[in-house]
Amino acid sequence: MHLLGPLFLLLGYLASSDSQLWSFEHPETLYAWEGSCIWIPCRYRILGSGDTLKNLTVYQHYSYDKEARKYNGTVLYEMTDTMGPVSQGRVQFLGDNRSNCTLRIHPAKAQDSGLLGLRMTSVKDSKWMEEISLNVSKTAPPPRIELPPDIQEHQKVTLTCSLDYSCFEYQIKLQWSLEGSQFLSAALSTSLTTKTVFTQSQLTFQPQWTHHGKNLTCQLWNDMADGLLSQETVRLDVKQLKTKVSPGEVNVIEGDSVTMTCQVISSHPECQTISWLKDGELQSQQEPQQRDKTLTLTLSQVTRWMGGKYRCEAHNDVGPAVSEVDLQVHYAPGPSEVQIHPSPAKEGNTVKLTCISQASPPPTNYTWYYNKDKILNRTGESFQIPEVLLSHAGSYSCLAQNSLGPGQLGQEAELDVQYSPKEVTTVIQSPTPIREGDDVTLLCNYTSSNPSVTRYQWIPQGSWKELLPGVVMIQKVPWNAVPVTCAACNQWCSWGLPVNLQVQYAPKGVAVLLLSPRSEIHSGHSVLLQCNFSSSHPMDVRFFWKKNGTFLKEGRQLSFDSISPEDAGTYNCLVSNSIGQSTSEAWALQVLYAPRRLRVSISPKDGVTEGKKAVLTCESDANPPISQYIWFDWNNQNLHHNHQTLRLDPVRVQHSGAYWCQGVNSLGVGQSPPSTLTVYYSAQTISRQVALGLGLCLAIIPLAFMGVKLHRTWKRIQSQQGLQENSSGQSFFVRNKKMRRAPASESPHPMGCYNPVMEDSISYAALRFPVGETDTPRTGGAGTPEARRPSLHRDNTVTYSVVQKRQVGDYENVTPDVPEDDGLHYSELVHLGVGERRLRQEEVEYVTLKH
């Protein structure tokens, strides 16, 4: 019994280990009703490389039998590795053997409610039981309606109708309807995932005060023959406040009186106050009576300043309701005013003149005056001058008139026409010609300006020194000076024509140009170089060539009939004129050639002791550089080392010999002559060799002794085998027993020797029956008793064979109550001598063997 505790712990560990190998994702509970379908979205994962699903059994109302160690229940679906995922009755497996465990049940039945068990076994014999809760009702449940906590008139709200159900093969829809109206359109959405399963409809609308107290219904429909399945109804509580004013618009002549009325026509909850306001100022206020929810505002002796919008505001717990009245007060035009836009006006621009006069209704006729003279054919509120000129400058006035009569002539307005500076020029005040680096003085000149010139601008802009307004000095003028122009500015700028400084300079942009070849330069090619420059003033120039700073020749071109690696270097060309000389940037002439002059250098040079480090380097000359190195030993064997340096660390005596290398680039292959590496034995190696020789000599003596002993043993075995071949037939019986193996601490092992290798295996023993002292060789026939009688002095040889059953764990999430019988089977062979046989025992089976 003391073995049960550790066994239970082992099985519990194995069960918990399997629970860590499986992970699932699916809804906790799925809802349906009789006749619908159940779609169970499910995902699983088996931890461990390469393990997949082998068997699947779907149980309904299952339970676990601890004694039989298996699950019992109604099997709705079963899949094995030979059957594959097929539909079985109402249940269909829609997943796979790696991650998808989705199921479909159609049609659903009320008795499906409860726990659904997925018994899963992997290829590697890992097992798991996953439970899924089903809630199947007789009829479809009503949907749920979610309303916002506060619904106010004219404020957009969103209502939600939802049901925790969705199935691809049983389509449903949620339909909204409002009392007294037809169906309302709404957005329908569904979710069928391992996290959520629902069907939802969202209705967005603006409630009116007339919707208050009406029923709003959400109905669950099936597109098939089922029709209406269920519904849910809520009562709308719309908070609102609505007012009305009369008259809506009032026209009154200045000096008359007017009356305006405000009435509350609907309020939920009840209205608290009614007020009249104008421009935010309170005009009148009262608390409305239950029967008469009105407020009247009377204005006597109306003036033009009383015109405008009057607001009627009613308040309840929801907020204010506002209605407006536009009060129009009519009066004759007042003194007129002329507005000029823009003012002042720039010459050439469009100018608009407008007559402003306060009047109600607005003026219908206008009279315009220029310098107190009437302008003919100008009767509108405004007129334009498309391109204003200096002749248009002067005083303007106007007179407005409406249906109540003419107004008054107002104050005159002055039209000021302005223009930019005229005839702007740039003047060079320095002597010519101008050389690079000289100081140049420039003057910006103009003839007239309105208003006066206040500043000057120059192009290009630079750090020039301003001597006087409009006079600048360019210090150290550059060779590439661009044309210069200036502008005289008041409110606008006028630019003069550009002036070219004509700066003289030494050649610029000198560069070496490769004319041929157009591609890479290889050794032996014909090469042609040319000296180019971008500009020079004056253009009369001469050309010179230098290599590595040393003069070569004069002339624009430099040619090589057959170029060699020695021609590679840095080249410059020089261009000169009467102003000076310019040198090009250094141009590197690269000549490409295959590897050459390869040699192997060895470090250290004079040999190396074994165990140290030897470094072999393949030195070469190549352009482009060597991309791959190949090393060979003294047997011309490729060492499969592609680096320039070959390191032997630690080096051994066997490494001694000649080494050579090859270098490869894109143009060819080069090969070095062999270099010899000499490796010397170390002092430790010499000592070990001597010790090994002495050890071999000492080992020969015991080996010779053992050989003599083995020879004698072999001769004795040969003689015994000969005796057995001449022995007569023997009889014996086998006694089989099944018993529980005793622990190592309770009893000794059979035969007085314990071999741990024998566990979990079968031991075979050979039976040998030696001839006794009284046995004689067989000389008679088969019927002679002397020939068949065994010797009384023969030894009874007993051999034990042990068979142990290997324990296999049931790796699943169920802990067995009773451990496996870890028993041992013993077979005892007893050699029978002469005499009567022993009585038959109940647990012994006798078998007679002939040999």
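The paragraphs below lead through this structure from its overall make-up to a few chosen regions. The model is a predicted one, and the protein in it has 851 residues, of which 38% count as buried. Its secondary structure comes to three helices and 68 strands, and among its contacts with a sequence separation of 6 or more, 65% are made by residues that stand 24 or more positions apart.

A good place to begin is strand β14, which covers residues 157-163 and is mostly covered, since six of its seven residues are buried according to the cut-off of under 20% relative accessible area. On the one hand, β14 pairs with strand β12, residues 144-146, in the antiparallel sense and over three bridges; within this pairing, I145 has C161 of β14 as its bridge partner. On the other hand, β14 is joined to β18 by seven bridges, and these two strands also run antiparallel. Here the bridge partner of T160 is Q202, which belongs to β18.

Strand β18 spans residues 197-205, and the loop that lies between β17 (187-192) and β18 contains T193. Is T193 buried, exposed or partly exposed? With a relative accessibility of 35%, T193 counts as partly exposed, because this class holds the values between the limit of 20% for buried residues and that of 50% for exposed ones. When its neighbours within four places in sequence are left aside, T193 is in contact with P27 and P41. The C-alpha atoms of T193 and S166 are 9.9 Å apart in space, while the two residues are separated by 27 residues in sequence.

S166 leads on to the next feature, as it is one of the residues that line the largest cavity. The structure holds one cavity of 30 Å³ or more, and the largest cavity encloses about 40 Å³ of space. Which residues form the lining of the largest cavity? They are L30, Y31, C37, I38, W39, D164, Y165, S166 and V197. The elements that give two or more residues to this lining are β2 (29-33) and β3 (38-40). Sorted by class, the lining of the largest cavity is made up of seven nonpolar residues, one polar residue and one charged residue.

Further along the chain there is an open sheet of three strands, whose order is β42-β45-β46 and whose pairing is antiparallel. Why is one side of β42 and one side of β46 left without a neighbour in the sheet? β42 (455-459) and β46 (493-495) stand at the edges and each has a single partner strand, so one side of each is left without a neighbour in the sheet. From one strand to the next, the twist averages 25°. Five bridges hold the antiparallel pairing of β42 with strand β45, residues 485-489, and in this pairing Y456 has A488 of β45 as its bridge partner.

A hairpin offers a view of how two strands follow one another. Strand β51, residues 542-547, runs antiparallel to strand β52, residues 550-554, and four bridges join the two. K547 stands opposite T550 in β52, and the hairpin has two residues between its strands, where N548 takes a positive phi near 50°.

Another open sheet is formed by three strands in the order β57-β59-β61, with antiparallel pairing. Its edges are taken by β57 (593-603) and β61 (645-648), each with a single partner strand, so one side of each has no neighbour in the sheet. Direction ignored, neighbouring strands of this sheet are turned by 10° against each other on average. Strand β59, residues 614-623, is paired with β61 in the antiparallel sense over four bridges, and A614 has L648 in β61 as its bridge partner.

The loop between β61 and β62 (657-665) is where H655 is found. How does one decide whether H655 is buried or exposed? The relative accessible area of H655 is 16%, and since buried means under 20%, H655 counts as buried. Not counting residues up to four places away in sequence, H655 touches W634, L648, P650, L677 and V679. Among these contacts is L648, the residue of β61 that is also the bridge partner of A614.

Conventions: Residues numbered from 1 in each chain as written. Predicted model: local features only at pLDDT ≥ 70, side-chain atom pairs only at ≥ 80, totals over all residues. Heavy atoms only, no water. Pairing = 2+ DSSP bridges. Axes fitted to C-alpha atoms, helices over the stretch in contact; angles between N-to-C directions. Buried < 20%, exposed > 50% of the residue type's maximum accessible area, 1.4 Å probe, protein only. Contact = heavy atoms within 4.5 Å. 1 Å grid on protein atoms, 1.4 Å probe; cavity = no way out; pocket = protein on both sides within 12 Å on 5 of 7 lines; lining within 4 Å. Points joined across faces, edges and corners; volume = space filled by probe spheres on them. Nonpolar A, V, L, I, M, F, W, Y, C, P; charged D, E, K, R; others polar.
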